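Please open the structure in your viewer and keep the selection panel at hand. The stops below are meant to be taken in order, each one beginning with something to select.

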2 protein chains.
Amino acid sequence: MSASDINGILRVMARWEPDAAGRLQEAAVDLYAERGYEQTTVAEIAARAGLTERTYFRHFADKREVLFHGSQQLQEAMEAAVEAAPADAAPLDAIAYGLRRIGPFFDERRPHSLRRHGIIRSSRELQEREMMKRGSLVIALTAVLERRGVEPAVAALAAESGISVFHLAYERWVADDGNRGYAEHVDETLASLRALAAVG
Amino acid sequence: MSASDINGILRVMARWEPDAAGRLQEAAVDLYAERGYEQTTVAEIAARAGLTERTYFRHFADKREVLFHGSQQLQEAMEAAVEAAPADAAPLDAIAYGLRRIGPFFDERRPHSLRRHGIIRSSRELQEREMMKRGSLVIALTAVLERRGVEPAVAALAAESGISVFHLAYERWVADDGNRGYAEHVDETLASLRALAAVG
């Protein structure tokens, strides 16, 4: 996949697409934030989006999944970006390259991301689902690194560490009320990891 | 908690305790391995253990939880061991110290651990539960490191990385048909992490 293909994907992802699934996600984030996740029903989400419950279930299996709309695309964009990293990049650098490329996806919808983050933290069920998405990212990036010629045991470790950086950079970006972008937090978190691993 | 307290906990954990919960877990691992996880019912597990379904549900909330019997104790032993690491140990070394201490828990019940591992890999539902246990370990070890005076952002990163080492050392230990113990795999995986983070 070429760099311009990836840019195309990232552009589409960053642009708000008011399709049915997107409207349902917006309605769900609104309602979960207003009334709480437990207290909101699928019927209410569908009504707020001006759609039927039937349409809801055509897009999402349950009340949790609506919050993860777009995560498959995000994963694909990340895979493509790691794939496209310079051929001589070391494993962690290839992943960092991929993480920096998805920065605009978070930066351009920061208010939405912050509300979504608060909702996920409010529910163990949602945290479980998020952990699973992380597991699936680790598996996907391990495979990408192996295709880049990285030995399997090293690829698994680099993917695990890379997804820790992905996650903790996100936490720092959420907590940061300055205006530093996600990519900057990736660089800082990776530098912390290098410092941490160098001691001992 | 002193070193001898920890040794006490580890001794109790390593010794097979044929109490009701332990018998239920043994029966579940047997049946899941023989017939498959999906195909086995709680009634069958209870019957195999010579107990009632009612007793089963006094110990475990569902079909998944029985496979994680002991994981709370394992977490507590790990917390205590990291707590007891030398005061001047760097964050990752403190965690590695804790991980090495739980080695005997795995080594002494290797056949059981291998069967359990195969069962968990066979079911997405069980992998989900395992991911959650990992998340809870990360939270617990972050808190321990903070109590050791490590700055929160660094503690979170060290705990994430330490649990990646915990997990990948376990995978290597499972795959290793030689007789190297879990603690040795911890050392090797940590060395890989240091090498990985040093490049770039």
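What follows is a tour of a predicted model, moving from a contact between two chains to a core and then to single helices and residues.

**Stop 1: the two H10 helices**

Begin by selecting residues 152-175 in chain A and again in chain B, which are helix H10 of each chain. The axes of these two helices come within 10 Å and cross at roughly 155 degrees, which means that H10(A) lies roughly antiparallel to H10(B), and the crossing in which H10(A) passes H10(B) is right-handed. To see what makes the contact, show the side chains of Ala153(A), Ala156(A), Leu157(A), Glu160(A), Ser164(A), His167(A), Leu168(A) and Arg172(A) on H10(A), together with Ala153(B), Ala156(B), Leu157(B), Glu160(B), Ser164(B), His167(B), Leu168(B) and Arg172(B) on H10(B). Coloured by character, the residues of this contact divide into eight nonpolar, four polar and four charged.

**Stop 2: the largest nonpolar core**

Which residues touch the most other members of the largest nonpolar core? Select Phe106(A), Phe166(A) and Tyr182(A), and with them Phe106(B), Phe166(B) and Tyr182(B), for these are the ones that do so among its 73 residues. The element that gives the most to this core is H10(A), with 13 residues. Centre the view on Phe166(A) and, leaving out residues up to four places away in sequence, look for its contacts with Leu74(A), Met78(A), Leu99(A), Ile102(A), Phe106(A), Leu137(A) and Tyr182(A).

**Stop 3: helix H6 of chain A**

Next, select residues 91-101 of chain A, which form helix H6, a mostly covered helix in which eight of the eleven residues are buried. Those buried residues are Pro91(A), Leu92(A), Ala94(A), Ile95(A), Ala96(A), Gly98(A), Leu99(A) and Arg101(A); of these, Leu99(A) has already appeared as a contact of Phe166(A).

**Stop 4: Leu141 in helix H9 of chain A**

Move on to residues 124-147 of chain A, helix H9, and pick out Leu141(A) within this helix. Leu141(A) counts as buried because its relative accessibility is 1%. Apart from residues up to four places away in sequence, Leu141(A) touches Met78(A), Glu79(A), Val82(A), Ile95(A), Ala159(A) and Ile163(A). A distance drawn from the C-alpha of Leu141(A) to that of Glu76(A) should read 9.9 Å, although the two are 65 residues apart in sequence.

**Stop 5: helices H8 and H9 of chain B**

Now turn to chain B and select helix H8, residues 110-121, with helix H9, residues 124-147, whose axis is 6 Å from that of H8(B) at an angle of about 110 degrees. H8(B) is therefore roughly perpendicular to H9(B). Where they meet, Arg116(B), Ile119(B), Ile120(B) and Arg121(B) come from H8(B), while Leu126(B), Gln127(B) and Glu130(B) come from H9(B), a set that divides into three nonpolar, one polar and three charged residues.

Within H8(B), select Ser113(B): is this residue buried or exposed? Ser113(B) counts as buried because its relative accessibility is 4%, and, its neighbours within four places in sequence aside, it is in contact with Phe106(B), Tyr170(B) and Trp173(B).

Finish in H9(B) at Ala143(B), which counts as partly exposed because its relative accessibility is 31%. From the C-alpha of Ala143(B) to that of Glu65(B) the distance is 25 Å, across a separation of 78 residues in sequence.

Notes. Residues are numbered from 1 along each chain as its sequence is written. Chains are lettered from A and ligands numbered from 1 in the order in which they are written. This is a predicted model: local features need pLDDT of at least 70, side-chain atom pairs count only at pLDDT 80 or more; totals for chains, interfaces and linings use all residues. Side-chain values use heavy atoms; hydrogens and water are left out. Axes are lines fitted to C-alpha atoms, for helices over the stretch in contact, and angles run from 0 to 180 degrees between N-to-C directions. Helices (H or I, at least four residues) and strands (E, at least two) are DSSP runs, numbered from the N terminus. Angles under 35 degrees count as roughly parallel, over 145 as roughly antiparallel, 65 to 115 as roughly perpendicular and the rest as oblique. A crossing is left-handed if the near helix is turned anticlockwise from the far one by less than a right angle, and right-handed if clockwise. Contact means heavy atoms within 4.5 Å. Ala, Val, Leu, Ile, Met, Phe, Trp, Tyr, Cys and Pro count as nonpolar, Asp, Glu, Lys and Arg as charged, and the others, Gly among them, as polar. A nonpolar core is a set of buried Ala, Val, Leu, Ile, Met, Phe, Trp, Tyr and Cys residues joined through side-chain atoms within 4.5 Å. Buried means under 20% relative accessible area, exposed over 50%, partly exposed in between (1.4 Å probe, protein chains only).
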